[in-house]
Amino acid sequence: MWHNRALINRIVALVLALPWFHDRLVLGQTSASTPDAPAIRMDISIKARQFLPSPVSVPVWRPVMLVFHNQDVELHAFVPMRFLEGVPVHVDGNGAPQFGEQGLERVLIPSGGKEEIRFLPTTASQFEYCCDLPGHQMVGKIVVEEEAAEPNIAPGGHTSVETTP
Ligand SMILES: [Cu+2]
């Protein structure tokens with residue numbers, strides 16, 4: 001049974017790891033961001049039962065890669081609570097991701113472990129995530145900011161800018 005569950009999780013992870021342009025097709029949305037726009041990398045250390053730094057700020061409609069480094073001697077978890085519900089997420093690293101019907105629910109990150117979590121923020125807002133292991137009481141915050149200027153479009157790109165409702 002356990003092996004089946006692990007296999008299902010692996011398959012779900014693969015299915016969710018689709019390119020960004022497909023993500024937008026799935027979500028039925030358009031934007032000015034390009035599929036090959038470089039991801040914005042944010043390194044977050046987990047140390048002494050804290051997520052550092054927190055908050056981190058990222059622009060909306062740009063692929064983001066959160067890289068968690070567990071520098072503690074104990075296991076921790078990244079739990080996105082609600083903010084990644086229904087959002088295609090690519091997870092990579094030596095942690096143990098758990099997916100449910102709403103997508104990524106939790107990633108266990110071992111001591112010394114590193115986990116990359118990639119997604120496309122589509123809403124400018126503030127989101128909290130946590131570690132839900134007993135007694136840890138760890139909360140981190142991600143601020144998705146409205147971009148002041150036009151998103152960067154590669155020279156020669158044909159991406160058209162459409163007004164969002
Ligand atoms: Cu923890």
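## Strand β4 and its two partners

Arg41 stands opposite Met65, a residue of β4. This pair belongs to a parallel arrangement in this predicted model: strand β1, residues 40-47, and strand β4, residues 64-70, run parallel and are joined by 7 bridges.

β4 also pairs with strand β9, which covers residues 114-119. Here the two strands run antiparallel, with 6 bridges between them. If you would like a landmark for this pairing, look for His69, which stands opposite Lys114 in β9.

## A three-stranded open sheet

Now for another part of the fold. An open sheet of 3 strands follows the order β3-β11-β10, and its pairing is mixed. Which strands form the edges? They are β3 (56-59) and β10 (126-131), each of which pairs on one side only. From one strand to the next, the twist averages 25°.

Within this sheet, β10 and strand β11 (residues 138-145) run antiparallel and share 6 bridges. One residue pair to pick out is Phe127 and its bridge partner in β11, Ile142. As a reminder when viewing side chains, those in a regular strand alternate between the two faces of the sheet.

## Val87 in the β5-β6 loop

The loop between β5 (76-78) and β6 (90-93) holds Val87. Is Val87 buried or partly exposed? Val87 has 19 other C-beta atoms within 10 Å, so it counts as partly exposed; a buried residue would need 20 or more.

What does Val87 touch, leaving aside its neighbours within four places in sequence? Its contacts are Gly103 and Phe119. A C-alpha distance can be added to this picture: Val87 and Leu104 are 17 residues apart along the chain, and their C-alpha atoms are separated by 8.2 Å.

## Glu85 in the loop

Glu85 also lies in the loop between β5 and β6. How many other C-beta atoms lie within 10 Å of Glu85? There are 13, and Glu85 is therefore partly exposed; with 12 or fewer, a residue would be classed as exposed.

Once neighbours within four places in sequence are set aside, Glu85 is in contact with Gln102 and Gly103. Gly103 is thus a contact of Glu85 and also of Val87. For a distance to check in your viewer, take Glu85 and Gly100: they are 15 residues apart in sequence, and their C-alpha atoms are 9.4 Å apart in space.

How values were computed:
Residues are numbered from 1 along each chain as its sequence is written. This is a predicted model: local features need pLDDT of at least 70, side-chain atom pairs count only at pLDDT 80 or more; totals for chains, interfaces and linings use all residues. Two strands pair if DSSP finds at least two bridges between them. Helices (H or I, at least four residues) and strands (E, at least two) are DSSP runs, numbered from the N terminus. Axes are lines fitted to C-alpha atoms, for helices over the stretch in contact, and angles run from 0 to 180 degrees between N-to-C directions. Two residues are in contact if their C-beta atoms, placed from the backbone, lie within 7 Å.
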